[in-house]
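Reader: I have just opened this one up and would love some help with the terms. Could you walk me through what they rest on?

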Amino acid sequence: MLFVLDTMVSQDDTPISASSFFGFMGVTMALVLANLGAGYGTFKAGAGIAAIGIWKPEIIMKSLIPVVMAGILGIYGMIVAVLLSQKVKNPLSYSYKSGFAHMASGLCCGCSCIAAGFAIGIVGDVGVRGNAQQERLFVGLILILIFAEALALYGLIVSLILSQS
């Protein structure tokens, strides 16, 4: 299929290469998947905060930490998407190696952010509900959330390394 696209020409007889398609798919996957993880984490943790806010409104501000950490996931995706979009060039001077590396970079960041978003959302939901009943759980909750956020940070680091190739 790639070879067919390599031999195609546009209406003005300019050769078309599919390599830039893969680069832009990396941009898309980084942003979309990271925001999917951020959205899920925010939704799930926000549901727990809304549930405890009825009977313990004094701890709502302290319970917003999982929502803030979920929002950081979207920032990771945006960073990678902006960096990758600046590297995608004219299809004739942009190699398949670069296109595949940039797609792998976007998928690495995006999938890591989905995993971290699920972990932050579920831990945040259960954690803020548990914290409302027993305040000694707060330090443990924060530590678990930090390790869940580290999953996305690892994906960001590897994604930045991949984007350099």
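**Salt bridges and the rest**

Author: Let's begin inside helix 4, where Arg129 and Asp125 are four residues apart and are therefore separated by about one helical turn. Helices here are DSSP runs of H or I with at least four residues, strands are runs of E with at least two, and both are numbered from the N terminus. This is a predicted model, in which local features need pLDDT of at least 70 and side-chain atom pairs count only at pLDDT 80 or more, while totals for chains, interfaces and linings use all residues. Residues are numbered from 1 along each chain as its sequence is written, and side-chain values use heavy atoms, with hydrogens and water left out.

Reader: What makes the contact between Arg129 and Asp125 a salt bridge?

Author: A salt bridge needs a side-chain nitrogen of Lys or Arg within 4 Å of a carboxyl oxygen of Asp or Glu. For Arg129 and Asp125 the N to O distance is 2.7 Å, so the rule is met.

Reader: Why do Asp125 and Lys44 get that name too?

Author: Their side chains meet at 3.7 Å, N to O, which also fits the rule. This pair links distant parts of the chain, with Asp125 in helix 4 and Lys44 in helix 2, 81 residues apart. The structure holds two salt bridges, and Lys44, Asp125 and Arg129 are linked in a network of them.

Reader: How do you know which of these residues are buried and which are partly exposed?

Author: By relative accessible area: under 20% is buried, over 50% is exposed, and anything in between is partly exposed (1.4 Å probe, protein chains only). Asp125 has 9%, so Asp125 is buried. Lys44 has 24%, so Lys44 is partly exposed, and Arg129, with 36%, is partly exposed as well.

Reader: Why is Ser19 called buried?

Author: Ser19 has a relative accessibility of 0%, and so counts as buried. Ser19 has its place in helix 2 (residues 19-53). Contact means heavy atoms within 4.5 Å, and, not counting residues up to four places away in sequence, Ser19 touches Pro91, Tyr94, Ser95, Tyr96 and Gly99.

Reader: What makes Ser159 buried, and what is Ser159 in contact with?

Author: Ser159, in helix 5, has a relative accessible area of 0%, so the word buried applies. Leaving aside neighbours within four places in sequence, Ser159 is in contact with Val80, Ser105, Gly106, Cys108 and Cys109.

Reader: And Ala148: buried or exposed?

Author: Buried, because the relative accessible area of Ala148 is 7%. Ala148 is also in helix 5. With residues up to four places away in sequence not counted, Ala148 touches Ala116, Ala119 and Ile120. Ala148 and Ala119 are 29 residues apart in sequence, with 5.9 Å from C-alpha to C-alpha.

Reader: How do you know that Gln134 is partly exposed?

Author: Gln134 has 35% relative accessibility, so Gln134 falls in the partly exposed class. You will find Gln134 in the loop between helix 4 (96-133) and helix 5 (138-163).

Reader: Why is the pair of Phe21 and Phe22 called edge-to-face?

Author: Rings of Phe, Tyr and Trp (its six-membered ring) pair if their centres lie within 6.5 Å; planes under 30 degrees apart are stacked, over 60 edge-to-face, and the rest tilted. By this rule the count comes to five aromatic pairs. The rings of Phe21 and Phe22 have centres 5.3 Å apart and planes at 75 degrees, so this pair is edge-to-face. Phe21, at 48% relative accessibility, counts as partly exposed, whereas Phe22, at 16%, counts as buried. Phe21, Phe22, Tyr96 and Phe100 form one aromatic cluster.

Reader: What makes you say that the charged end of Lys62 sits over the ring of Phe138?

Author: The rule asks for NZ of Lys or CZ of Arg within 6 Å of the ring centre and within 35 degrees of the ring normal. The charged end of Lys62 sits over the ring of Phe138, 4.6 Å from its centre, so the distance satisfies the 6 Å limit.
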